[in-house]
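Today I sat down with a new model and a fresh page. Here is what I looked up, in the order I got to it.

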Amino acid sequence: MSNVIALDGFRDKADCDGLEQVIPRPRPNITGRDVWTRDYSKLENALSGLLKVREIIYYYANFLNELDHLFMDVVEAVGNPERRSRESLKTAIAPLKSLAYDLGEGESKKHLNIAVLILDLIEKTPGNRNQ
């Protein structure tokens with residue numbers, strides 16, 4: 001027969017069994033370098049900007065699984081030179097912009113506006129626009 005030595009520890013463990021533990025995400029760290037020093041016509045910089053947008057949106061959104069396909073659509077539009085056009089980028093980026101605007105209220109507004117700015121820079125960079 002087993003004995004419970006630390007009752008509080010046993011209760012904490014019993015309460016957590018079967019439940020996913022939510023790990024708090026760190027607050028996004030955004031600098032001017034993340035936004036303004038990148039040439040978004042280059043694939044690696046566009047992807048870096050997109051990852052920063054993902055970090056920002058994932059911090060404020062509670063429905064992470066539904067967002068993955070939106071980001072993959074933008075990656076495909078940016079990374080596929082044959083299908084890369086202004087319209088394909090605009091179509092892929094529009095749902096993310098809309099989501100950022102919908103989530104942006106209170107203290108999250110500043111970060112989410114930066115996310116929209118990065119998406120605009122990716123969409124409207126001359127190298128992406130003219131192809």
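I began with burial across the whole chain: 34% of its 131 residues count as buried. A reminder to myself is that this is a predicted model.

Next I looked at the surface. The chain exposes about 8,800 Å², and carbon and sulfur atoms supply 53% of that area.

Then I went through the secondary structure. I found seven helices and zero strands, so my sketch of the order, read from the N terminus, is simply α-α-α-α-α-α-α.

I also checked how far apart in sequence the contacting residues lie. Taking contacts between residues at least 6 apart, 66% join residues at least 24 apart.

After that I picked one helix to follow, α6, which covers residues 108-124. It has 17 residues and spans 24 Å from first C-alpha to last, close to the 24 Å expected at 1.5 Å a residue.

Which residues of α6 are buried? My list reads Ser108, His111, Leu112, Ile114, Ala115, Val116, Ile118, Leu119, Ile122 and Glu123.

I stayed with His111, which sits in helix α6. Why does His111 count as buried? Its relative accessibility is 10%, and the cut-off for buried is under 20%.

Last, I asked what His111 touches beyond its neighbours within four places in sequence. The partners I noted are Arg27, Pro28, Ile30, Ile56 and Tyr60. So my page on His111 ends with a residue of α6 that counts as buried at 10% relative accessibility and is in contact with Tyr60, among others.

Note on methods
Residues are numbered from 1 along each chain as its sequence is written. This is a predicted model: local features need pLDDT of at least 70, side-chain atom pairs count only at pLDDT 80 or more; totals for chains, interfaces and linings use all residues. Side-chain values use heavy atoms; hydrogens and water are left out. Helices (H or I, at least four residues) and strands (E, at least two) are DSSP runs, numbered from the N terminus. The expected span of a helix is 1.5 Å times one less than its number of residues. Buried means under 20% relative accessible area, exposed over 50%, partly exposed in between (1.4 Å probe, protein chains only). Contact means heavy atoms within 4.5 Å. Accessible areas come from the Shrake-Rupley method with a 1.4 Å probe; for residues, only the protein chains shown count as cover.
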